[in-house]
Amino acid sequence: MKLLITGGAGFIGSHVVRQFVTAYPEYHIYNLDALTYAGNLENLKDVETASNYTFIKGDITDALFVDRLFKTHQFDGVIHLAAESHVDRSITDPLAFVKTNVLGTIHLLNAFKGLWGSNFEGKLFYHISTDEVYGTLGETGLFTETTSYDPNSPYSASKASSDHFVRAYGETYGLPYVITNCSNNYGPNQFPEKLIPLFIHNIIQNKPLPVYGDGNYTRDWLYVIDHARAIDLVFHQCKQGETYNIGGFNEWKNIDLVKLLCDKMDQRLHRPKGQSEQLITYVKDRPGHDKRYAIDASKINETLGWQPSVTFEQGLEKTIDWYLGNAEWLAHVTSGEYQSYYERQYS
Ligand code: NAD
Ligand code: DAU
């Protein structure tokens, strides 16, 4: 099995690379990543010298390069995670999301089809997507695999578009695919532009915690290693041409989550209870902010036997411990471009 993982130097991708490199020594894992601001080879220090692992620096928006790469290595499988992934950045620069998330995905599909188009036996293109393609929920209900797509941000519109192309290549050319739509991930190695690591970083530095709008927005949180386990299971046991929703049955209003995080950080940093909560600052809302996401994960649970292995409290504690124990990682990723992004986004 020659397996290409795209975006393997990013947050979720690095956990997926580690999962496959360690669990499948008989596979060869190729990690293709452009190393944008979100890609970081420090995430993979522990596996970089493994004999079944190769890193390739490259951009999925470069069609010729992608095509050549597939011809050279003859990948049997693809797990496609490379993407622009942050909603706020998609609001200021939608085109970057179209280029990577839509065009980049099409280049990968074309290269895979070009390589195996006359015999797809034993091959699989696994596209990693998000619950945001379904748009927003009201107070009740859950996203299922048959919920209509209704994306509201340039990010989710680009992910929805890429999902449609994957499905269309399946229908039109018989390309064997599977898609998973997952809820909000958290855990080690997440870039501190996303809610949980951003707020951990700001609490450490005693900086304001910018809560968008009234804070009454709901997300369904999943520990990243449980997502990586689900991806392993789907890759090996899925029914081709299907989609699976992945989520933690773990809904939190942002403001409640932030207060829990503040509490745990106070304990961990030996600060007086309530100190970090004083950093909470309500700021201008995100345009087009989706009210509530919540996943019905019963299909993957019932058909493949997957379920999360840690509770939210356990996962959050592991995450806090990781960030406090990896101050150097945090310092590296928050230098340079991060400073000007932060200025633009929150000033
Ligand atoms: P991330 O931003 O941490 O990592 C993205 C990776 O893709 C980075 O390593 C980056 O260098 C690479 N990349 C970006 N553009 C590229 C290009 N043109 N060519 C090659 N590599 C490129 O993202 P993440 O949070 O790990 O998300 C990974 C995937 O999972 C994305 O497809 C995202 O839509 C999806 N997803 C994320 C979440 C979440 O909560 N983070 C939830 C559901 C689905
Ligand atoms: O649902 C899956 C999606 O989850 C993934 O597809 C995306 O790649 C990932 O970024 C994430 O999107 P969100 O927009 O939900 O995540 P984010 O961490 O940016 O925000 C979580 C919630 O917190 C959201 O309601 C906005 C709010 N928020 C976020 C930031 C960065 C704040 O209140 N303040 C902030 O500074």
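**Exercise 1.** State in which order the 7 strands of the open sheet lie and how they pair.

*Solution.* Step 1: the order is E3-E2-E1-E4-E5-E6-E10, and the pairing is parallel. Strands are DSSP runs (E, at least two residues; helices are H or I, at least four), numbered from the N terminus. Two strands pair if DSSP finds at least two bridges between them.
Step 2: strand E3 (53-57) and strand E10 (243-246) are the edge strands, as each pairs on one side only.
Step 3: on average, neighbouring strands of this sheet are turned by 20 degrees against each other, direction ignored.

The model is predicted: local features need pLDDT of at least 70, side-chain atom pairs count only at pLDDT 80 or more, and totals for chains, interfaces and linings use all residues. Residues are numbered from 1 along each chain as its sequence is written, chains are lettered from A and ligands numbered from 1 in the order in which they are written, and side-chain values use heavy atoms, leaving out hydrogens and water.

**Exercise 2.** Describe how E4 joins E5, and which helix lies across E5.

*Solution.* Step 1: strand E4 (residues 77-80) runs parallel to strand E5 (residues 124-130), joined by 4 bridges. Gly-77 has Leu-124 in E5 as its bridge partner.
Step 2: helix H5 (residues 154-173) lies across E5, strand E6 (177-182) and E10, at about 155 degrees to E5. Axes are lines fitted to C-alpha atoms, for helices over the stretch in contact (heavy atoms within 4.5 Å), and angles run from 0 to 180 degrees between N-to-C directions.
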